[in-house]
Each structure stands twice: as C-alpha cells, then as structure tokens.
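Open the model in your viewer and keep the selection box at hand. The stops below go from the whole chain to single residues.

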Amino acid sequence: MKTILVVDDSVTMLRSLQSSLEISGFRVETAADGVEGMAKLAKGLKPDLIITDINMPNMDGIEFIRQARLKLRFTPILALTTEGQRSKRDEARKHGATGWMLKPVGGIELIKLIEQVVAQFA
C-alpha cells in the first residue's frame, strides 16, 4: 500500500483529501503545517508522495518543499493550493516541487493524477 503525506493547515481540506485517498487504497499521513510535516519525516516517515499546501503558518509550503527535498531526493511532491501566481509555481519547482494543482480539484481528477505520479516514480 502506497503512503501519501498530506500537509495543509485547513482541517477540512486534510479530511477531504484523506477520505478520498483512503477510499482509493492509499495510506494517508497528515500534518497541519510544514513544521509538523518535517517532524514526521524526521521520525522516519518515507511517503511515496507528498501533497502540500503553499500558504500555511509556521512553515509555508515552499520552505517545506525545500527542506523535504534535502531528506527525500526522489519522492514526488505536489503543491495543491489556491495560489495561481506563476512566480509561486516557479519558486516551488525551483525548490523541488514535481507538480502544481489549483484548488479546488475534483476527487476523480486528483486520484487519477496521483496514481499517474506514484506509478511514474515507483
């Protein structure tokens, strides 16, 4: 079973993603911000995919991506955000984001993308 780490400060978004992903057969770990996400990685979590929001308190998604990339060089990282600015997307990619999705993203669309990304990096 593939494991996905979802990092988002929105409890509603975390629960929604967790539910959709678990129904689709993934194991899901969640974190409320980049600090909590990094703590899980530091404790040895090695997810097959990371999905992170960009705008979060304590440690934003860009910094989380940068730090996560130091620990997990080849794990795909998707940014899922309301942030549509090209400069933010470019910054995320510069620090190691694999892809970028704008919220809201539909359940079926999201699951198809995740399955493609996980298969590509397996």
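The tour starts with the whole fold, then visits strands, a loop and the start of the chain.

**Stop 1: the whole chain**

Show everything as a cartoon. This is a predicted model. Count five helices and five strands. Follow them from the N terminus: the order is β-α-β-α-β-α-β-α-β-α.

Now rotate the view. The C-alpha trace spans about 30 × 30 × 30 Å along its principal axes. Does the radius of gyration agree with a compact globule, or what else would be expected for 122 residues? The rule puts such a globule near 14 Å, and the protein has 13 Å, so the two agree.

Switch on the surface. About 6400 Å² is exposed, and carbon and sulfur atoms supply 50% of that area. Of the 122 residues, 46% are buried. Color by charge next. There are 17 positive and 15 negative charges, and their mean positions lie 6 Å apart.

Contacts tell you how the chain folds back on itself. Take the contacts between residues at least 6 apart in sequence: 62% of them join residues at least 24 apart.

**Stop 2: strand β3**

Select residues 49-52, which form β3. Show the side chains. Leu49 and Ile51 point to one side, Ile50 and Thr52 to the other. Both faces are covered, and these four residues are all buried.

Add residues 3-7, strand β1. β1 and β3 run parallel, joined by four bridges. Pick out one pairing here: leucine 5 stands opposite isoleucine 50.

Then add residues 77-81, strand β4. β4 also pairs with β3 in the parallel sense, over three bridges. Look across from threonine 52 and you reach its bridge partner in β4, alanine 79.

**Stop 3: strand β4**

Stay on β4 and hide the rest. How many of its five residues are buried? The count is five of five. Ile77, Ala79 and Thr81 cover one face, while Leu78 and Leu80 sit on the other.

Zoom in on threonine 81, which belongs to β4. Its relative accessible area is 0%, so threonine 81 is buried. Show what surrounds this residue. Leaving aside neighbours within four places in sequence, threonine 81 contacts Asp53, Ile54 and Asn55. On the same terms, its contacts also include Trp100, Met101, Leu102 and Lys103.

**Stop 4: the loop after β3**

One of those contacts, Asp53, is the next selection. Aspartate 53 is in the loop between β3 and α3. Buried or exposed? Relative accessibility is 5%, under the 20% limit, so aspartate 53 counts as buried.

Display the contacts of aspartate 53, again without neighbours up to four places away in sequence. Val7, Asp8 and Asp9 are among them. So are Gly61, Leu80, Thr81 and Lys103.

Move along to asparagine 58, in the loop between β3 and α3 (61-71). Which sign does its phi angle have? Phi is near 70 degrees, a positive value in a residue other than glycine. Asparagine 58 has 66% relative accessibility, over the 50% limit, so this residue counts as exposed.

**Stop 5: the start of the chain**

Select methionine 1, in the segment before β1. With a relative accessible area of 77%, methionine 1 is exposed. Even so, methionine 1 has partners: Gly25, Phe26, Arg27 and Asp48, not counting residues up to four places away in sequence.

Draw a distance from methionine 1 to valine 117. These residues are 116 apart along the chain, and their C-alpha atoms are separated by 15 Å.

Finish on threonine 3, in strand β1. Threonine 3 counts as buried, at 7% relative accessibility. Draw another distance, this time to proline 47. The separation along the chain is 44 residues, yet the C-alpha atoms are 4.9 Å apart.

Show the contacts of threonine 3 last, leaving aside neighbours within four places in sequence. Arg27 and Glu29 are among them. Leu45, Pro47, Asp48 and Leu49 are too. Leu49 takes you back to β3, where it is one of the buried residues.

Technical notes: Residues are numbered from 1 along each chain as its sequence is written. This is a predicted model: local features need pLDDT of at least 70, side-chain atom pairs count only at pLDDT 80 or more; totals for chains, interfaces and linings use all residues. Side-chain values use heavy atoms; hydrogens and water are left out. Helices (H or I, at least four residues) and strands (E, at least two) are DSSP runs, numbered from the N terminus. The radius of gyration is taken over C-alpha atoms; the globule rule is 2.2 Å times the number of residues to the power 0.38. Buried means under 20% relative accessible area, exposed over 50%, partly exposed in between (1.4 Å probe, protein chains only). Contact means heavy atoms within 4.5 Å. Accessible areas come from the Shrake-Rupley method with a 1.4 Å probe; for residues, only the protein chains shown count as cover. Lys and Arg count as positive and Asp and Glu as negative; His and the chain ends are not counted. The place of a charge is taken as NZ of Lys, CZ of Arg, CG of Asp or CD of Glu. Two strands pair if DSSP finds at least two bridges between them.
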